[in-house]
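Visitor: Could you take me closely through one part of this model, the place where protein and nucleic acid meet? I would like the cut-offs stated as you go.

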There are 2 protein chains.
Amino acid sequence: MKKVSTAMSSTLRCLKVLELLAEEPFELSFSELAARLDIPKASAHRLCTTLLEADLIKQEPVTRHYMLSSHALWVGSGYLRHSPLYRAAFFPMQELARQIPGTVQLGVLDQGYVLFIHSVGYSGAPHAFADVGLRRPLNATASGKIFLAGMSTQDVESIMAKCTEKYTGSTITSVTRMKQELAEVKKARYARNVEELLPGYWVLAAGIVDPEDRAAAVISITLPLSDFSPEREATVADLVKEAARKASLQLGPSGISRALLQR
Amino acid sequence: MKKVSTAMSSTLRCLKVLELLAEEPFELSFSELAARLDIPKASAHRLCTTLLEADLIKQEPVTRHYMLSSHALWVGSGYLRHSPLYRAAFFPMQELARQIPGTVQLGVLDQGYVLFIHSVGYSGAPHAFADVGLRRPLNATASGKIFLAGMSTQDVESIMAKCTEKYTGSTITSVTRMKQELAEVKKARYARNVEELLPGYWVLAAGIVDPEDRAAAVISITLPLSDFSPEREATVADLVKEAARKASLQLGPSGISRALLQR
DNA sequence: AATTTTTGTTCCGCAATGCGAAACTGCAGT
DNA sequence: ACTGCAGTTTCGCATTGCGGAACAAAAATT
């Protein structure tokens, strides 16, 4: 084995702790943490001390459990402050939410998931909980389908291979079924999701795209099922597409391709 | 010199890069970055490679400028997923936004600033832009005054010493003036901010507190100045205090003190 | 109260790992 | 072609992080 990367392995290991804490639904004790990462306790202790000193994690004083700190949120949210996508979509999203009362969300692709980075408009829906930073699987979201529609066949297949969980009865888990769906998405230039992730809601999504229809981000709107009908879908679809188109223009063609090149 | 901390210095230096990128309003070139941190270019390069490998930063492909990645947002937002404060305040905030249409925000204390971690309700106001993760000075926000009101005199003094910038004509920069203000805040159990940060808006805030009135977080509501009058203030103040009280109860007394102990 | 078990912290010698000066590459603009 | 400037790679040195093991403190069990 030869040196393959110039990255600092000790630091990478430390960042693994952050990832773990972000992924786990709740706080972790020191021992759990060391066990989960399969790291000697002495080393894990050093990693935690380091992150504590950087103020990225804190520990619950009585259980001594570790969790992410509010400062970590601040650091991560720096992404929003820099994101041209966020800026470009901001006003179109608000306009959409005014036209159609519902939950309007902005999603980007992060490690094989849709990551929602912004949300406007309120519906007492449970999915609105912790909406910024929420990650959802590609196969079970309208936004995800937009991203899948822009991918190569082998990418779609490899991703779908990992999407086996059925969130509701209508979650798409079959590759062939998904390919049909994606063909429709490409034709209609928007994606639909009716109770495939959350019962009682339907969602339409449209991509913020470059001229080749590859999506850098997605604008979606979630509505209660009681509000669903074919005519309603047509209306909403047009408005969602319009919002996405405005965001695309705002970003500019160069903006989009740069965003895409970053992957 | 003796070993003073057990933290990993190389990693801390790497995390400084993240801090810098979070703080700077825009993307940074590699040289700027190295210069800003006063680090040899070879080392800075290693740090960036490491963060790239961890997917916490990305580089703009044509300018090669570095910026935070969307994955960094995901990691940081893990704080929200774990935060009992966020959970406890979620529904009271929505209720408040329904009662009074305006921007309802949830703030915590982060390194001498108010950090807004959640926001509901729309007003086309500029402060709503990138509201999650936004940091504001303590002296110029209603939320900040709530935190200041729970601090010792010397803490207030040392913080005020750094608060010299005047955002508007009425920004409080004098320590004595602030002490008067804080006395009122303690008495009224809510804080007011009329055009001290943003012209055209007024804000009321109430703390999510423990029995000793020390705030673990703050709920605030921002309204257009056209909506201001003494009677209106009384109405809004009661509702903001009520929302904060509900959140306090939801969190539970133990929850609050634990949150406080974490500092 | 005495015990075992579990969990968190510190020590310490070894060598792996990160360090930074300097050399090198590639790209713009004379 | 030449000069700068921005970014990347090399390389020998010693600093720094490593982890087994011993230690301390707190729960859980007897």
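Guide: A residue is called near a strand if one of its heavy atoms lies within 4 Å of it. This is a predicted model, in which local features need pLDDT of at least 70, side-chain atom pairs count only at pLDDT 80 or more, and totals for chains, interfaces and linings use all residues. Residues are numbered from 1 along each chain as its sequence is written, chains are lettered from A and ligands numbered from 1 in the order in which they are written, and side-chain values use heavy atoms, with hydrogens and water left out.

Around DNA strand C there are 16 residues, of which A:Ser10, A:Ser31, A:Lys41, B:Ser43 and B:Arg46 come nearest. Of the strand C atoms within 4 Å of the protein, 64% belong to sugar or phosphate, and the rest to bases.

Some individual pairs qualify as polar contacts (here, N or O atoms within 3.5 Å). The side chain of A:Ser31 places an N or O atom 2.3 Å from a phosphate oxygen of DNA strand C, and in B:Arg13 such a side-chain atom is 2.9 Å from a phosphate oxygen of that strand. A:Lys41, by contrast, has a polar side-chain atom 2.8 Å from a base nitrogen.

As for the elements behind this surface, helices are DSSP runs of H or I with at least four residues, numbered from the N terminus. Chain A supplies at least two residues from each of α1 (9-23), α2 (30-37) and α3 (41-53), and chain B does so from each of α1 (9-23) and α3 (41-53).

Terms used
A polar contact is a pair of N or O atoms within 3.5 Å; within protein, one must be able to donate a hydrogen and the other to accept it, and residues adjacent in sequence count only if both atoms are side-chain atoms.
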